[in-house]
Amino acid sequence: MIYRTNLDAGVPNTISKQGKYFYLLTAADILTVRLRDSIHHTQDYETEMREGMSATFKSSIDEVVLKSESAQYVEFWLSDTKLDYSKLAAGGAAANVNGGTVFCPAGKSLAIPADFRRKAVSIKVSDTCQIGGLDVSTFNGFTLEPNEKIKAESRGDIWVYREPAKVIVADGVAEFPAPKEQHFDSTGNGLQYCIGDIGRLANGTLFAFRGGGRKTIATSTDEGVTWVQSTAPEWVNVVMPSDDGVLWVTTGAGQIYKSVDGVNFDHVVTVKSSVDLDGNNIDDGSYWTYSGDIGGQVLDAGHTILYANYDRAFLSINGGKSWLVTPRCDAKQCRGVRLSADRKSIYLLYSSGQFYIFDTTNPSSGWVLSENGSASGAFFFPSNTAIIGDIIVRVGGNISSTRYVKASVDGGKTFSTVKTGSTPEMRGVNLALAVGASVILLGSNGVGVITDVTQSFDINWYDSGVALTEPTATFPSAGFYDSSDNTIKVFQGTNSGSPLTAILSYPVSITEGYLDGVTVSWLAEIN
């Protein structure tokens, strides 16, 4: 049987299991291994071992003690039967090669999982990074340059590290020209709840998205001096965050469009009219919402598309030709959906704070509720969730009293509260934005910065110090990092009968490191 454990540096780990055949399957570094019969005291064997080494005994041992000088992940086989690699590989003896391509965000990521059949693996990356074991970092690992290829003789996990950039807010916050009520065709009351997205396209055009039907997008080609109402496709409800500088939008019917200028839109795909991975029609006659209970995300310039409707999600990795369709979630009326950094999990988000996880590698597990949100009030926007590797930061709570900042360090499986309160800074916080290894908390006339989420969740607060032209426009509902001038731009509105608007532009400096990740391509030689 295979056993798995994580070792801390210098700390012995005792495992009480029984067997005559011991194989060290995965270990990045050398181990001290002690194998003994603790009951009859007939055998007590201690030695240093590396990955691939084994030991055999005439009778069973029942205690394994592992010790490593470095923190590492270890897998071993201990049984009264010999290890059969072909059975482990589920028929892998018939396979000759194994390979793939994976995107690894800035920070540390598992790029190539362990494979007992593997003899060696050739690796190539799209940009500079370090590769190694579990403890890989800038100073611990092998540095690979763009398109350089190496061959690693390892059966174990191969990790990738890319030093993430960090954000520091600088002096010089200024007001930026914002779109007004007349730039959208719907009524003004409650405007702050409807400006759900602002951003800059690859061609330099600024856009602001209102939602709720036609003419819900305003664009500017002169740095906000003038804004022009744009006629979006009918019943567009949501902007789908993307990585290609293109404006992607979708409807409750699953119609997905894209625009390079924010004015002219091309239809890409209609999810409801598509097929699943087995070629079956997705539209099976079951319930399909046409309201705003939807969400989406676009990656890899449109090759990877994630869409959610009411209580389930759809994931395509071939530009919408076919879709992985999840089962329906117990919770209804979702308000957003996100893909995990390793692309293996789907997160379904709800305005009440509920956070569900679907593991695409284990579909039979269904949707798992990670956070029910009942104790922390409403989380009003999908954009209140920032994802950096396995770390997730969310903000929410009652907008008129106590607010919460919550964090997960295990990919959303568990959350803990890192900050709560009703101070002026906390009451204004409404959105979370990931930039490199930093999380920017967008608030009312100010921002909070978690400089490096891999080190701590301490928040530094920055007041804008700006006297707004329209002083009641203090509710933040959208924001983005503008790489064109290294600023964080935050849209603020108001809930009066005649809504007022403002955009605050916060200059930031980016420390040495990377805002983006790398693509890792690999090809393995199989025993």
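**Stop 1: T487 and its partners**

Select T487 together with K489: a polar contact of 2.8 Å joins their side chains. The model on display is a predicted one. Keep T487 selected and add D485, whose side chain forms a polar contact of 2.7 Å with the side chain of T487. T487 belongs to strand β43, which covers residues 487-493. Is T487 buried or exposed? With a relative accessible area of 6%, T487 is buried.

**Stop 2: R403 in strand β36**

Next, select residues 403-408, which make up strand β36, and highlight R403 within them. Which side chain meets that of R403 in a polar contact? The partner is N430, at 2.9 Å. R403 is buried, yet it has no salt bridge. To see this in the viewer, display E425 as well: it is the nearest side chain of opposite charge, and it lies 12 Å away. A salt bridge would require a nitrogen of the arginine side chain within 4 Å of a carboxyl oxygen.

**Stop 3: Two cysteines, C329 and C334**

Select C329 and C334 and show their sulfur atoms. Why do these two cysteines not form a bond? The sulfur of C334 is the closest cysteine sulfur to that of C329, but the separation is 8.5 Å, which is too far for a bond. The cut-off for a disulfide is 2.5 Å between sulfur atoms. Seen from the other side, C334 is in no disulfide, and its nearest cysteine sulfur is that of C329. By this rule, the number of disulfides comes to 0. C329 is buried, at a relative accessible area of 1%, and C334 is also buried, at 0%.

**Stop 4: Q333, then the sheet β30 to β33**

Move to Q333, in the loop between β29 (324-325) and β30. Its phi is near 60°, a positive value in a residue other than glycine. Most residues other than glycine have a negative phi. Q333 is partly exposed, with a relative accessibility of 44%.

Following the chain from this loop into β30 leads to an open sheet of 4 strands, in the order β30-β31-β32-β33, with antiparallel pairing. Select residues 336-339 for β30 and 367-371 for β33: these are the edge strands, and each pairs on one side only. From one strand to the next, the twist averages 25°. Within the sheet, β30 pairs with strand β31 (residues 345-349) in the antiparallel sense, over 4 bridges. Which residue of β31 stands opposite R338? Select Y347 to find it.

**Stop 5: The hairpin of β24 and β25**

Select residues 255-259 for strand β24 and 266-270 for strand β25; the two pair in the antiparallel sense over 4 bridges. At one of the pairings, Q255 has T270 in β25 as its bridge partner. The two strands form a hairpin with 6 residues between them. In the turn, highlight G262, which has a positive phi of about 80°.

**Stop 6: The sheet β18 to β21**

Here 4 strands form another open sheet with antiparallel pairing, in the order β18-β19-β20-β21. Select β18 (197-200) and β21 (228-230): they stand at the edges, each with a single partner strand, so one side of each is left without a neighbour in the sheet. On average, neighbouring strands of this sheet are turned by 25° against each other, direction ignored. Now turn to strand β19 (residues 206-209) and strand β20 (residues 217-220), which run antiparallel and are joined by 4 bridges. Display A208 with its bridge partner in β20, A218.

**Stop 7: N147 in its loop**

Select N147, placed in the loop between β13 (142-144) and β14 (149-152). What is notable about the phi of N147? The value is near 65°, positive in a residue other than glycine. N147 is exposed, with a relative accessible area of 58%.

**Stop 8: S70 and T361**

Finish at S70, which lies in the loop between β7 (63-67) and β8 (72-79). Although in a loop, S70 is buried, with a relative accessible area of 14%. Add T361 and draw a distance between the two C-alpha atoms: they are separated by 30 Å, while the residues are 291 residues apart along the chain.

Conventions: Residues numbered from 1 in each chain as written. Predicted model: local features only at pLDDT ≥ 70, side-chain atom pairs only at ≥ 80, totals over all residues. Heavy atoms only, no water. Buried < 20%, exposed > 50% of the residue type's maximum accessible area, 1.4 Å probe, protein only. Lys, Arg positive; Asp, Glu negative; His and termini not counted. Polar contact = N/O pair within 3.5 Å; in protein donor to acceptor, adjacent residues only side chain to side chain. Pairing = 2+ DSSP bridges. Axes fitted to C-alpha atoms, helices over the stretch in contact; angles between N-to-C directions.
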